[in-house]
Amino acid sequence: MLLVDLDGDGKRDLLFGHVSCDNIARLNNTGGNGTAANFTSFNSNFPAADPIRMPVFPAAYAEDLDFDGKRDLLASPNTAINEGNLSDFRASAWFYRNAGTNERPDYRLVTRSFLQEDMIDLGENAAPALADLDGDGDLDLLLGQLGQRGEQGLRAGLTYFENTGTAGRAAFTQRSADYLNLSGAFQLTDLRPSFADLDGNGTLDLVLVGYDINRRVVIRYLPNQGPRNGAFRLEVGSLRTVTTPDRVVPGEVLNWLDIDRDGRADLLIGKGSGVLEYHRNTGTGATVQLTLQQADYGQLGAAVERRTSSAVSIDLNGDGRPELLLGVRSGELKLYQLPDRPDGRLTALDTTLVYNELTRTDDPVGVGLSPLLASGDLDGDGLPDLLAGTLAGGVRLLRNTSEKAPVTGLEPLPNVVWAYPNPTDRIVYLKPPADGWLTVYNALGQPVRPRLAVKAQTETQLDLVGLPAGVYTLQLQESRRLRTQKIVLSR
């Protein structure tokens with residue numbers, strides 16, 4: 001309810017909405033103010049020109065929105081859920097400018113998406129994914145969302161933002177509101193894109209998770225037929241369906257990470273109980289086969305505060321050891337040290353990750369309820385930044401200001417060969433000059449094998465079976481320095 005004098009007689013009239021109505025009604029006060037008010041007539045269409053109409057429970061507010069000294073009118077749905085998916089929350093802030101006076105207002109519709117039109121707002125359940133789609137060296141952005149209602153009901157597509165900036169300064173420009181016309185290609189809602197190498201050929205594929213008309217979880221992917229390190233080539237005609245694991249229910253988050261580091265993305269499900277369920281990708285070629293490996297990955301156990309976690313593998317401080325970052329239902333970010341082997345325990349790290357520049361304090365709940373995460377270096381400092389898609393349909397950018405771990409010993413030792421033969425068709429023998437931990441990275445900078453402990457001057461065998469042909473980086477982390485060597489894997 002909003003009390004405001006609408007006719008200049010000094011008596012406050014009443015604007016009100018109702019939970020079962022789609023309009024704002026005007027009640028005219030012919031009495032006085034306070035207890036002397038007497039509402040004697042009403043009009044169900046307000047304002048008379050361009051009246052407020054919303055599917056569910058509109059509410060009206062008076063505020064000077066353009067700073068001209070006159071109170072304007074703002075209307076928005078008075079609801080936290082989209083009953084029947086009838087509301088379009090992309091345009092849910094109706095701004096009427098006051099062309100009259102405070103004593104006798106004259107409300108004129110300016111926009112139905114006040115503030116929303118100046119930001120990314122996809123309505124509900126924004127799901128970001130970052131990859132260099134056009135092969136120009138910087139990260140582009142795809143966004144999934146709940147969907148939009150049309151003649152065929154609710155359908156979800158992907159919004160494509162090209163990075164028209166640079167690798168060191170991202171600037172996103174919307175190029176398509178329905179990337180690849182996916183909303184018409186299949187009938188899914190709540191579409192969530194990811195980029196992951198499902199077929200193990202060294203290129204990232206486009207993975208899509210959504211709900212069908214019966215609210216069952218559906219997994220599909222488009223194989224990337226483009227060259228490595230080049231522009232994506234995705235064809236809707238090559239769309240493949242992946243068998244959804246048992247007991248996956250709507251609301252749970254499907255995360256694609258290479259847990260066993262064999263070059264093929266596996267599935268880590270943020271369950272409603274708070275555990276992480278690990279399904280290994282045991283397929284071959286373009287066939288994806290998901291096999292349950294661990295019902296409680298990382299041995300975290302069930303926890304209400306970790307329900308339906310979104311997960312990314314992220315090297316926050318650039319020390320060469322990626323961590324697991326969870327965005328949990330409460331909006332908190334939780335960071336864990338990844339185990340050296342998939343069956344190991346996740347170790348909790350810093351829990352005060354978000355710094356609020358407005359309040360100048362650490363913000364333990366800083367990204368909104370049930371965030372969906374994506375990471376990538378958007379400012380060229382060598383550290384991954386974070387995007388968090390929100391339930392309200394927006395995207396929050398968290399700039400990584402971590403202190404970068406110093407690399408004090410990237411030794412230029414061209415005459416010291418500690419990994420051989422090179423090239424190899426499978427087996428690499430390691431004989432390092434010092435004790436350390438070895439990590440194998442593909443051309444995308446992703447670890448493709450579990451970390452391996454090696455001893456100085458002791459020959460250790462490294463098996464690269466199952467990896468596609470290409471160039472790999474062997475990184476040896478010693479106590480105070482880092483050594484690298486390139487290895488060519490041929491077939």
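Okay, a definition to begin with: two strands count as paired here if DSSP finds at least two bridges between them. Keep that in mind, since I'll be talking about strands a lot. And a reminder that what we have up on the screen is a predicted model.

Let me put that definition to work. Take strand β34, residues 436-441: 3 bridges join this strand to β35, and the two run antiparallel. If you want a spot to click on, go to L438, which stands opposite L452 in β35.

That pair belongs to something bigger. There's an open sheet of 4 strands, and reading across, the order is β35-β34-β37-β38, with antiparallel pairing. So which strands stand at the edges? They're β35, residues 452-454, and β38, residues 482-489. Each of them has a single partner strand, so one side of each is left without a neighbour in the sheet. And going from one strand to the next, the twist averages 30°.

Let me zoom out for a second. The protein chain has 1 helix and 38 strands. Its C-alpha atoms fill a box of roughly 95 × 45 × 45 Å, taken along the principal axes. Of the 491 residues in the chain, 49% are buried. And if you take the contacts with a separation of 6 or more, 46% of them are between residues 24 or more positions apart.

Okay, back in, to the hairpin. β32 and β33 form one, with 6 residues between them. β32 is residues 419-420 and β33 is residues 427-430. They pair in the antiparallel sense over 2 bridges, and Y420 has Y429 in β33 as its bridge partner. Y429 also stands opposite Q461 over in β36. That second pairing, β33 with β36, residues 460-463, is antiparallel too and has 4 bridges.

Now look at the loop of that hairpin, because this is where I'd like you to check the backbone with me. What kind of peptide bond joins Y420 and P421? A cis one, with omega at about -10°. P421 is in the loop between β32 and β33. Then move along to N422 and P423: the peptide bond there is cis as well, and omega is near 5°. P423 is in the loop between β32 and β33 too.

While we're on backbone angles, I've got two residues for you with positive phi, neither of them glycine. One is N85, where phi is near 50°. N85 is in the loop between β6, residues 72-77, and β7, residues 94-98. The other is R261, with phi near 55°, and R261 is in the loop between β19, residues 253-257, and β20, residues 266-270.

So, buried or exposed: what about R261? The cut-off for buried is under 20% relative accessible area. R261 comes out at 7%, so R261 is buried. N85 has a relative accessible area of 26%, so N85 is partly exposed.

R261 shows up again when you go looking for empty space. Rolling a probe the size of a water molecule over the atoms shows where empty space is left. How many cavities of 30 Å³ or more does the structure hold? The count is 1. The largest cavity has a volume of about 40 Å³. Its lining is R261, R321, P322, Q337, L338, P339 and R451. By class, that's 3 nonpolar, 1 polar and 3 charged residues.

Last stop is a pocket, the second largest one. There's about 1000 Å³ of space in there. The lining runs to 41 residues, and the ones nearest the centre are A80, E124, N125, L146 and L391. Which elements give two or more residues to that lining? They're β12, residues 153-155, and β15, residues 189-196. β15 gives the largest share, 3 residues. Sorted by class, the lining of this pocket has 19 nonpolar, 14 polar and 8 charged residues.

That's my tour. If you open the model afterwards, a good place to begin is Y429, with Y420 as a bridge partner and Q461 in β36 standing opposite. Then have a look at R261, which is buried and is one of the residues lining the largest cavity. Thanks, everyone.

Terms used
Residues numbered from 1 in each chain as written. Predicted model: local features only at pLDDT ≥ 70, side-chain atom pairs only at ≥ 80, totals over all residues. Heavy atoms only, no water. Buried < 20%, exposed > 50% of the residue type's maximum accessible area, 1.4 Å probe, protein only. Axes fitted to C-alpha atoms, helices over the stretch in contact; angles between N-to-C directions. 1 Å grid on protein atoms, 1.4 Å probe; cavity = no way out; pocket = protein on both sides within 12 Å on 5 of 7 lines; lining within 4 Å. Points joined across faces, edges and corners; volume = space filled by probe spheres on them. Nonpolar A, V, L, I, M, F, W, Y, C, P; charged D, E, K, R; others polar. Contact = heavy atoms within 4.5 Å.
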